[in-house]
Structures are given as structure tokens and as C-alpha cells.
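The following note is offered to a colleague who is meeting this structure for the first time. Please read the numbered points with the sequence and the model at hand.

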Amino acid sequence: MLTMLEEVVLLAVDEKNGQLRSTREFGTAYALVGAVFFDLALARKIDTDLETVHIVDTTPTGNATLDRVLAAMSLRKDITTVRGWIEEMFLRRQDLEGEALASLIERGVLRHELSKRLWIIDVERFPMEDKKPQQHVKLRLAQAILTDQIPDTRDIMLVSIAEQCGLLGYVLSSAELANRRERVEMLSNLETISRTVTAAILNLDASLRQTMTKVV
């Protein structure tokens, strides 16, 4: 089974040209950070209340990325809130993306291509070798949103992070999303950790935008 981090990366890969995409500035980066939180929660390594992160088990999961993040969280006693860790992991977002891409390449889902633009600029692409995993993720999201059944916890979390970070537009049309807006909002608010993580992402996004406005 893919991690949620890997599934988020797959959602961001354009199946036509193999490039990573995002409908919002930092959208994919936010989604990667949120996905790591959800992966650790699903593995029962962390728990959260409205603000605080609690590490409940430091036993390795067997996934190198999750174990690296879990070990870092165990050592940093000075960071105790969800927002604090969202901000800390956001600074390391390239590591998360790179590790997820490397894992998907190793699994045979993607391949790596490097070319030059204007003979100078490196252009990286990650064409699909196996389209089934991405199709499976999209199908689960579509079923969660377009039906009235309650999805499992994993898919509820995936809906919430994909919605907050602008990735649902790669799964459903604008009309479908508009018609199911109440459903998306309902699913996004079902789990406490989903509400906590998405609120932390909103706060981080607001802070970044304020900082960029001041610079301009």
C-alpha cells in the first residue's frame, strides 16, 4: 500500500507530461506536510487534540520517510503544537517530495527524466510507468465525494488535505465540485485531526502571504 504522502505526490503528477503541478501557490507543499501527519496518525504513532501533538509510539514503521520524521519529532521537545510541526516540516518540504518521488520510481510507478530548456535550465519530469495507482487514488476520492456513503478514515483524511491544498480539481470537474461542495466540507470536518491540520495549514498560508506582501 502506498503512503498518503506518495498518494499526494501522485495527485500532483500530470499524467500527460509527467510534471508536478499545483492549482495554488505552495498547494502541493502543504499537502505533503499534511499527508505525513496523517500517515503517522494512521500508523498510531501520533495523536492530536485541538492544538497539541502527542507522540504515542516511537517504534519504527518501516517507512524511511515516516521514521525520519517521527525520530525528529521525538527529539524536538520544544515543538509541541500541530502548527509548530506543520511550519517545521514545511521548511523540509523538498525532502518529503524527493523521498516520495524516489519511492514511487523504485516501485515502478514513475520514471525520472531530465532534460534541458534553452540548453541551460534543467527540467525534471516523472512520466507514469504504471497508471493504476494514480487512477486508484482518484477513484477513491471521486467515490468519497460523489456518493453518500461514509468513507474509511484514510479517505476522509485524503479528501480534507486534497481540498485544502487545491488538488481536488485534478480529480473532479468544477461543476462536480460545486454540486458536492457541502459533501466535501462535511467530510473535511469529520475527523479532529483533519480539522486541526487544515487549520494549521491555513494559518501558515496566511503568515506566508503576509510576509510576501510586506516584501513586495
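1. Of the 16 residues of helix 2, 15 are buried (under 20% relative accessible area, with exposed meaning over 50% and partly exposed in between; 1.4 Å probe, protein chains only), so helix 2 is largely enclosed by the rest of the structure. Helices (H or I, at least four residues) and strands (E, at least two) are DSSP runs, numbered from the N terminus. From its first C-alpha to its last, helix 2 reaches 22 Å, close to the 22 Å expected at 1.5 Å a residue; the expected span is 1.5 Å times one less than the number of residues.

2. The basis of these values should be stated early. The model is predicted: local features need pLDDT of at least 70 and side-chain atom pairs count only at pLDDT 80 or more, while totals for chains, interfaces and linings use all residues. Residues are numbered from 1 along each chain as its sequence is written, and side-chain values use heavy atoms, with hydrogens and water left out.

3. Helix 2 also matters for the count of core residues. The largest nonpolar core has 64 residues, among which F37, I86, L110, I161 and V197 touch the most other members. Such a core is a set of buried Ala, Val, Leu, Ile, Met, Phe, Trp, Tyr and Cys residues joined through side-chain atoms within 4.5 Å. Helix 2 gives the most to this core, with 11 residues. With neighbours within four places in sequence left aside, I86 is in contact (heavy atoms within 4.5 Å) with V33, F37, V197, A200, I201 and L204.

4. What is found just after helix 2? Helix 2 is followed by R44, whose phi is positive, near 60°. Most residues other than glycine have a negative phi. R44 is not a glycine, yet has this positive value. The residue lies in the loop between helix 2 (27-42) and strand 1 (46-48), and R44 counts as exposed because its relative accessibility is 67%.

5. K45 in the loop between helix 2 and strand 1 is paired with a residue further along the chain. Its side chain meets that of D57 in a salt bridge with an N to O distance of 2.8 Å; the term means a side-chain nitrogen of Lys or Arg within 4 Å of a carboxyl oxygen of Asp or Glu. D57 lies in the loop between strand 2 (53-55) and helix 3 (64-75) and K45 in the loop between helix 2 and strand 1, so the pair ties together parts that are 12 residues apart in sequence. K45 counts as buried at 6% relative accessibility, whereas D57 is partly exposed at 25%.

6. By the same rule, the count comes to 16 salt bridges. D78 and R76 form one of them, with their closest N and O atoms 2.8 Å apart; D78 is exposed at 57% relative accessibility and R76 partly exposed at 31%. E129 and R111 form another, at 2.7 Å from N to O. Because E129 lies in the loop between strand 4 (121-125) and helix 6 (132-146) and R111 in the loop between helix 5 (93-106) and strand 3 (113-117), this pair ties together parts that are 18 residues apart in sequence. E129, at 48%, is partly exposed, and R111, at 33%, is partly exposed. In addition, salt bridges that share partners join E7, R140, R154 and D155 into one network.

7. Where does T48 lie? T48 is found in strand 1 and is buried, with 10% relative accessibility. Its C-alpha atom and that of T192 are separated by 8.0 Å, although the two residues are 144 residues apart along the chain. Leaving aside neighbours within four places in sequence, T48 is in contact with V53, V82 and I193.

8. Is S194 buried or exposed? S194 is buried, with a relative accessible area of 0%. Its place is in helix 10 (residues 192-215). Not counting residues up to four places away in sequence, S194 touches F38, M157, S160 and S188.

9. A final point concerns the surface. I150, M186 and L190 make a nonpolar surface patch of about 260 Å². I150 is in the loop between helix 6 and helix 7 (153-164) and is exposed, with a relative accessible area of 57%. Patches are made of residues with over 30% relative accessible area and no salt bridge, like charges being joined within 9 Å and nonpolar side chains (Val, Leu, Ile, Met, Phe, Trp, Tyr) within 5 Å. Accessible areas come from the Shrake-Rupley method with a 1.4 Å probe, and for residues only the protein chains shown count as cover.
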